[in-house]
Amino acid sequence: MRRPSPLPPSSQSTGRQDGARGGGGDRATVAPRRVDPPRRDPEIGDGGRGAAPSPDATETQPVEELWHQRGRDVGIAPIIPFEQSARAEPGGSATADPGDDARADRPVTARDLWGAARARRRALRREVRRFTARQRRRRRIWMVSAGVLVALVLGSVGAAYSPLFSVERITIVGALQLDAGAVQTALADQLGTPMPLVDESAVKAALVSFPLVESYSLEARPPHELIVRIVERTPVGAVQGEAGYTLVDAAGVALATTPDPPAGQPLLEVEGGLSSSTFAAAGQVFRSLPESLRSQVTVLSATTPNDVTLTLADGRSVVWGGPADSGKKLQALEALMAARADASGYDVSSPQAAVVR
């Protein structure tokens with residue numbers, strides 16, 4: 001263990017020792033050392049030793065000043081009061097105000113609290129805006145997109161209901177036996193009407209006056225064309241009556257009445273009238289025939305729904321039966337007519353056992 005170095009001798013003892021060594025010789029002059037007295041608390045005094053405190057010790061510094069002095073010595077930034085921090089500049093450094101010390105000494109009032117709370121709210125709002133910037137930008141994009149979409153929809157609807165898309169031309173499609181010009185004249189009141197505002201009930205009322213119209217459909221072709229597609233009724237024959245010959249379709253709807261038999265249409269001899277099931281069966285059988293065979297039929301007769309008979313132009317007869325299995329009956333009839341063209345009649349009411357007469 002290393003021994004501590006001895007204390008240096010005092011100036012007086014050194015002088016005496018030098019005088020003793022040198023006798024009456026020259027003495028070495030040593031500058032006296034200044035030793036500051038320790039600072040004592042004026043309240044404690046000399047620690048109970050009875051010594052009177054020094055005048056310097058009675059003048060103590062404030063606690064806050066001592067703390068700041070201690071912080072400057074160590075390198076710690078001084079503590080800024082809340083009032084000064086609230087008045088700090090946006091850059092982050094507090095501005096030096098000569099009146100800060102005076103304001104710091106006065107008591108805190110309600111106005112100071114209100115100002116501090118307002119500054120805190122402002123800072124909180126700034127932080128909220130900073131952290132919600134992305135969300136607000138996304139919300140703004142959605143709102144702009146929705147506004148553009150709504151504007152497009154409203155603009156399209158407004159343009160559709162404006163005179164820019166009004167009906168200026170009516171085209172009739174599917175009219176074979178019907179006069180297309182007459183139909184256009186009946187629908188002339190729809191000219192000038194916007195496409196979405198075309199009155200379908202008025203169109204229906206105008207087409208009901210044409211018996212040949214079985215069904216229809218409307219098609220808008222912007223900007224100015226209205227297409228009316230018509231399905232005409234198919235006549236199945238003429239019924240002889242007091243007024244002449246009435247042309248009817250499979251539903252029994254009267255299409256036209258002429259004093260003479262209509263050309264290319266068979267004569268109907270059906271028991272039970274136009275509203276009976278026998279007439280409905282005869283109409284189904286006639287509509288199932290191909291055009292090549294239908295043009296050869298001159299008389300269509302039936303006493304029951306399962307006893308429909310066709311009379312051809314050359315005098316031959318075909319017992320068809322009911323409307324069931326019309327496809328098989330047609331195949332059997334074509335085979336028999338090709339094999340026995342000289343026969344007077346054919347019975348295909350049972351296609352599996354067709355009979356030649």
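**Reading strands, a helix and two backbone oddities**

Modeller: Start with strand β1, residues 169-173, where the side chains alternate. I170 and I172 point to one face and are buried. R169, T171 and V173 point to the other face and are not buried. Keep in mind that this is a predicted model.

Colleague: What is the general idea behind side chains that alternate in a strand?

Modeller: In a regular strand, side chains alternate between the two faces of the sheet. β1 shows that pattern, with I170 and I172 on the buried face.

Colleague: Which strand do the bridges join to β1, and how many are there?

Modeller: Strand β3, residues 225-232. Five bridges join the two, and they run parallel. For a specific pair, take I172: it stands opposite V228 in β3.

Colleague: Now T309. Where does T309 lie, and is T309 buried or exposed?

Modeller: T309 lies in strand β9, residues 308-312. The cut-off for buried is under 20% relative accessible area. T309 has 18% relative accessibility, so it counts as buried.

Colleague: What is T309 in contact with, leaving aside its neighbours within four places in sequence?

Modeller: V299, L300, S301, V318 and V319.

Colleague: On to helices. How far should helix α10 span?

Modeller: Use 1.5 Å a residue. The expected span counts one less than the number of residues. Helix α10, residues 277-288, has twelve residues and should span 16 Å. Its end C-alpha atoms are 17 Å apart, which agrees.

Colleague: Which residues of α10 are buried?

Modeller: T278, F279, A281, A282, G283, V285 and F286. Take T278 as the worked case. Its relative accessible area is 7%, so T278 is buried. Not counting residues up to four places away in sequence, T278 touches V270, E271, A302, T303, T304 and P305.

Colleague: Last topic, the backbone. What sign of phi do most residues other than glycine have, and what are most peptide bonds?

Modeller: Most residues other than glycine have a negative phi, and most peptide bonds are trans. Now look at D325. It is not a glycine, yet its phi is positive, about 55 degrees.

Colleague: Where is D325 found, and how does its accessibility count?

Modeller: D325 is in the loop between β10 (317-321) and α12 (326-339). At 45% relative accessibility, D325 counts as partly exposed.

Colleague: And the peptide bond from P222 to P223: cis or trans?

Modeller: Cis, with omega near 10 degrees. P223 has its place in the loop between β2 (213-221) and β3.

Conventions:
Residues are numbered from 1 along each chain as its sequence is written. This is a predicted model: local features need pLDDT of at least 70, side-chain atom pairs count only at pLDDT 80 or more; totals for chains, interfaces and linings use all residues. Side-chain values use heavy atoms; hydrogens and water are left out. Helices (H or I, at least four residues) and strands (E, at least two) are DSSP runs, numbered from the N terminus. Buried means under 20% relative accessible area, exposed over 50%, partly exposed in between (1.4 Å probe, protein chains only). Contact means heavy atoms within 4.5 Å. Two strands pair if DSSP finds at least two bridges between them.
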